[in-house]
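Welcome! Take a moment to look over the structure shown here, and then let us walk through its interior together.

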Amino acid sequence: MAYIISVVAQKGGCGKSTVARLVAAEFSRMPGNWDVKIADMDVSQATSFAWMQRRHKNKHTPEIRVEAYQRVEKALADAASLDVMVLDGAPHATAQTLEMSRASDIVVIPTCTAKDDLDPAVNLARELKAKGVPVEKIVFVLSRTGDSDAEVAEARDYLERTNFRVATGSLPERTAFRRASDLGMAMTETAFPSLNERATSCFASIVETLQQPQAETKKTKGKKAA
Ligand SMILES: Nc1ncnc2c1ncn2[C@@H]1O[C@H](COP(=O)(O)OP(=O)(O)O)[C@@H](O)[C@H]1O
Ligand SMILES: [Mg+2]
C-alpha cells in the first residue's frame, strides 16, 4: 500500500495545491525512485493537472504525474500500485475531505495567519477528529505568511494550543514561489536556495511521523503489490 497524504482545507487559496506539489516533488526526489502521483480532487479547477502540463512542457524533473479524479474511491484504488499518493483536495468539500482524511497516513491543513483563516482550519481539524481521524495524523502548515515574525509566532501559538501538530517553519508569501508554480515547479525548485530550504524543512516536518525505516518497509510492500 502507498502512503496516502491528503492536503485539505475548507477555504480555497491558502496553499493546498502548492503544498501538495511540494510533498509530491520531495517524495519523487528521494533515493529509490519512489512512484508518486498527485490526485487532483478539485475537478472544477484542476489546477494541479494544469501545473503538471506546464511542468512537462518545461521539461522539469523529476517527472510528476497528476490525474484529476472525481471520486476519492477511484484515487485510493489507484494508490495501491504506487509508493505515495498525494490527494489535493477541493475547497468546501466536506464529504470528500472526510473520506480522504480517513484513508490518509497524514492530513495536511495549510492555513494563512489571519483569524479568518486559522479558525476554519482549527474547526476542520476538530471536525475530522470528531469523525474518527486520529489527532496525530493531522498537521497544520503555516502558509502564505507575511513578513511579520510576531504575526507568524502568534498564529503558531494559536495552533499549538490545539492538540494537533504544527509543522515547523512556515511558507512565506513570495513572488518566487508563485513564479516557480507558474513554470510547473515546486516550492523546493525556486531560484533561491534559502526559499528552497524553507520548503524542504517544512516538507521534512510534515512527514516526520512516517519514520524512514517504516517508509522503506512500506515502499517495498508497495512495489510487491504493484
Ligand atoms: N507561499 C506562497 N507564496 C506566493 N504565492 C503562493 C504561495 N502559496 C500559494 N501561492 C499562490 O496562491 C494561490 C493559491 O494557492 P493554491 O495552492 O492554489 O491554494 P488552494 O489550492 O488552497 O486554493 C496560487 O496562485 C498560488 O500560486
Ligand atoms: Mg487547489
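What follows is a short tour of aromatic pairs, buried residues and cavities.

Please keep in mind that this is a predicted model. A good place to begin is with the aromatic rings, which form 3 pairs. In one of them, Phe-27 and Phe-203 meet edge-to-face, with 5.3 Å from centre to centre and 90° between the planes. Phe-27 belongs to helix H1 (residues 16-29) and Phe-203 to helix H8 (residues 193-206), so this pair ties together parts that are 176 residues apart in sequence. Both Phe-27 and Phe-203 are buried. Trp-34 joins Phe-27 and Phe-203 in one aromatic cluster.

Another edge-to-face pair is made by Phe-140 and Phe-164, at 5.8 Å centre to centre and with 80° between the planes. Here Phe-140 sits in strand S6 (residues 138-145), while Phe-164 is in the loop between helix H6 (149-160) and strand S7 (165-166), and the two are 24 residues apart. Phe-140 and Phe-164 are both buried.

Strand S6 also holds Leu-142. Is Leu-142 buried or exposed? Its relative accessibility is 0%, so Leu-142 counts as buried. Beyond its neighbours within four places in sequence, Leu-142 is in contact with several residues, among them Thr-111, Val-152, Leu-159 and Leu-171.

Next, turn to helix H4 (residues 94-102), whose buried residues are Gln-96, Thr-97, Leu-98, Met-100 and Ser-101. What covers these buried residues of H4? The cover includes strand S1 (3-7), helix H3 (72-79), strand S4 (84-88), strand S5 (106-111) and helix H5 (115-130).

Finally, let us look for enclosed spaces. How many cavities of 30 Å³ or more does a search of the whole structure find? The search finds 2. The largest cavity holds about 80 Å³ of space, and its lining includes Ala-9, Cys-14, Ile-109, Asp-117 and Leu-124. S5 and H5 are the elements that each give two or more residues to this lining, and H5 provides the largest share, 4 residues. By class, the lining of the largest cavity has 8 nonpolar, 2 polar and 2 charged residues.

The second largest cavity has about 40 Å³ of space. Its lining is made up of Gln-10, Thr-94, Thr-97, Leu-98, Leu-124, Glu-127, Leu-128 and Lys-131. Two or more of these residues come from each of H4 and H5. The lining of the second largest cavity divides into 3 nonpolar, 3 polar and 2 charged residues.

Key
Residues are numbered from 1 along each chain as its sequence is written. Chains are lettered from A and ligands numbered from 1 in the order in which they are written. This is a predicted model: local features need pLDDT of at least 70, side-chain atom pairs count only at pLDDT 80 or more; totals for chains, interfaces and linings use all residues. Side-chain values use heavy atoms; hydrogens and water are left out. Rings of Phe, Tyr and Trp (its six-membered ring) pair if their centres lie within 6.5 Å; planes under 30 degrees apart count as stacked, over 60 as edge-to-face and the rest as tilted. Buried means under 20% relative accessible area, exposed over 50%, partly exposed in between (1.4 Å probe, protein chains only). Contact means heavy atoms within 4.5 Å. On a 1 Å grid over the protein atoms alone, a cavity is a set of points where a 1.4 Å probe fits but cannot get out, and a pocket is an open set with protein on both sides within 12 Å along at least five of seven lines; lining residues have an atom within 4 Å of a point. Grid points are joined across faces, edges and corners, and a volume is the space filled by probe spheres set on the points. Ala, Val, Leu, Ile, Met, Phe, Trp, Tyr, Cys and Pro count as nonpolar, Asp, Glu, Lys and Arg as charged, and the others, Gly among them, as polar.
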